[in-house]
Amino acid sequence: MIAQTSAETVVIAPMLVALVSAVAALLAGRRRRVRSVVALGGVVGYAVAVGALAWTVVLAPDAPGIATYQVGGLAAPFGITLVADALSAFMLSMVATIALASIVFSRRYAAHSGSRTFYYPLCYFLLLGVTGSFLTGDLFNLFVWFEVMLMASYVFVAYYGGPQHTRAAFWYVALNLLASAVFLLGVGGIYAVTGTLNMADLARRLADPAAYGIDPVPVVGLFALLLSVFAIKAGLVPFQFWIPTAYRAAPPPITALLVGATKKVGIYAIVRLSFTVLAGAQIGVSLELPIPGLGVAGDSPLAFVGAALFVMAAASILVGGLGAVGRDSIEGVLAYSSIGQIGFIAIPVAIAATTTSSGLRQVAIVAALVYALNHTLAKGLLFLAVGAVRSATGTSRLAELGGLAGRSPPLAIAFFVGSLALVGIPPLSGFFGKFLVFDAAARAGSAPVLGLLLGGSLLTIAYATRVWNRSFWGARTPAVDEATVDPVQVAVVLALAGAILAVGVGFEPVYRFAELAAEAALDAEGYVEAVDPGGELE
């Protein structure tokens, strides 16, 4: 048994707040006023808990950089370990921001759409699953928190109960049940080969397999199974087909949360397991990619991860961008756009996995994190704006919209800022995200990757311009002319627009936070030492 310090105790605080808020929302039942107070108080408390964690563990002058919480006081690798470092704190900060906006927005949107008593409890169970995924220190509990997150999202996809919603939920459930089975199979196989599921212990054993009598080669094959699961969660091609129907079926505030939180869990899991756990393994590799400058010949199994990510990311950028151009509704465009934008996040992760330069590896991880932050803010804003448009007009079909800029200039301004951030226009946050991704590709010396990124950016401009011209510009349609825009909903999207501008104008501390997160992802030795001080990474 071990004692916990105050820095270690703060690690579990966001999970406790999410859990207590979920239970309190359930107990509130049909008492709408109580439920509303619990919903708002819970998400504010969650944001405060995440802020306290980030400050205490990472950002304070005397911050340790990493802290662990051993559930029940049992030491790793035998107990359940929660680990907070700069990487998990960065991801949690993104989630807290979009969760605050989503739940505040839901207080008005859910009321308009006939809210049921389970809406807010499910929101907090979704948050609990996401938070647990970012903080867990072992693979089995990563599986558990994935399931908690997914069970809540299943209900939200089928929330409205119509035929299209039920159909979307069926395919969403079927695909994710298959993914869960593959996940469990991979986890069981890794335990059979290595004798552990604790990530720090696994990293230590893979770094010195002879000392533990294990063969690292099967672990790489089993990790390929996990990579396919994480790609499904992230929505990378060829596992993207659930995204358009699920995102259109769920309430827009929940879609904003799915985009900003659950998608990022998949990316986080790829980064954490690739660079913190798998990178220390020594396996002879000779792999040349059809991309100049990114072939790998050496002893890093990350080459396999990088090769798979390159293929999936490139296909995602093209499929998502081309699909978005031809959609007939705003949320349809945004759903396909999310497929393409996740490709922009995966490209620098693939560069980091295939390069042998430690400097380029860190630059690429920073690029992925900054782009993920912008995607969370911009795409969250845009999906919430869709909710405001649907509340006001009863539709989001491009053919039935027009002249929204004249009907609600503040909503138009917010949507315009979100679109510009997605395109990557300075001084917004999207400019820095896109610049860093291009910079990582340029440093890797890969003209094909730069061409792919340029093509994806042009597609982003094309569909963003089309949505703006068809929805916000031009003459007012009857639906827009009779619209009544909710001022609270508009205030929320304006606040997110302000956050996008603030991140861009005050980018230096954000960049430093992302640098610390990248360093944490790559510091396997520090991770092992913090979780299990008795062991050293060879």
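# Exercises on salt bridges and a pocket

Asp-201, Arg-204 and Arg-205 are joined in a network of salt bridges. The exercises below concern a predicted model, in which 9 salt bridges are counted.

**Exercise 1.** Determine how Arg-205 and Asp-201 are placed in helix H8, and state whether each is buried or exposed.

*Solution.*
- Step 1. Begin with the contact: the closest N and O atoms of Arg-205 and Asp-201 are 3.2 Å apart, and the two residues form a salt bridge.
- Step 2. Locate the pair in the chain. Both residues belong to helix H8, which covers residues 199–207. Because they are 4 residues apart in this helix, about one helical turn separates them.
- Step 3. Assess burial, for which the cut-off is under 20% relative accessible area. Arg-205 has 18% relative accessibility and therefore counts as buried. Asp-201, with a relative accessible area of 4%, is buried.

**Exercise 2.** Establish which helices are linked by the pair Glu-331 and Arg-390, and classify the accessibility of Glu-331 and of Arg-390.

*Solution.*
- Step 1. Side chains of opposite charge can pair when their charged atoms come close.
- Step 2. Glu-331 and Arg-390 meet through their side chains in a salt bridge, at 3.2 Å from N to O. The pair connects distant parts of the chain, since Glu-331 lies in helix H14 (residues 330–354) and Arg-390 in helix H15 (residues 358–393), 59 residues apart.
- Step 3. Glu-331 has a relative accessible area of 9% and is buried, whereas Arg-390, at 21%, is partly exposed.

**Exercise 3.** Give the N to O separation in the salt bridge of Asp-481 with Arg-476, and classify the accessibility of Asp-481 and of Arg-476.

*Solution.*
- Step 1. The closest N and O atoms of Asp-481 and Arg-476 are 3.6 Å apart.
- Step 2. The partly exposed class lies between the buried limit of 20% and the exposed limit of 50%. Asp-481 has a relative accessible area of 48% and is therefore partly exposed. Arg-476, with 43%, is also partly exposed.

**Exercise 4.** Describe the lining of the second largest pocket by residue class and by the helices that supply it.

*Solution.*
- Step 1. The volume of the second largest pocket is about 250 Å³. Its lining consists of 13 residues, and those nearest the centre are Gln-164, Ala-168, Thr-245, Arg-248 and Ala-249.
- Step 2. Sorted by class, the lining contains 6 nonpolar, 3 polar and 4 charged residues.
- Step 3. At least two lining residues come from each of helix H7 (163–194) and helix H11 (243–249). Helix H7 gives the most, with 5 residues.

Conventions. Residues numbered from 1 in each chain as written. Predicted model: local features only at pLDDT ≥ 70, side-chain atom pairs only at ≥ 80, totals over all residues. Heavy atoms only, no water. 1 Å grid on protein atoms, 1.4 Å probe; cavity = no way out; pocket = protein on both sides within 12 Å on 5 of 7 lines; lining within 4 Å. Points joined across faces, edges and corners; volume = space filled by probe spheres on them. Nonpolar A, V, L, I, M, F, W, Y, C, P; charged D, E, K, R; others polar. Salt bridge = Lys/Arg side-chain N within 4 Å of Asp/Glu carboxyl O. Buried < 20%, exposed > 50% of the residue type's maximum accessible area, 1.4 Å probe, protein only.
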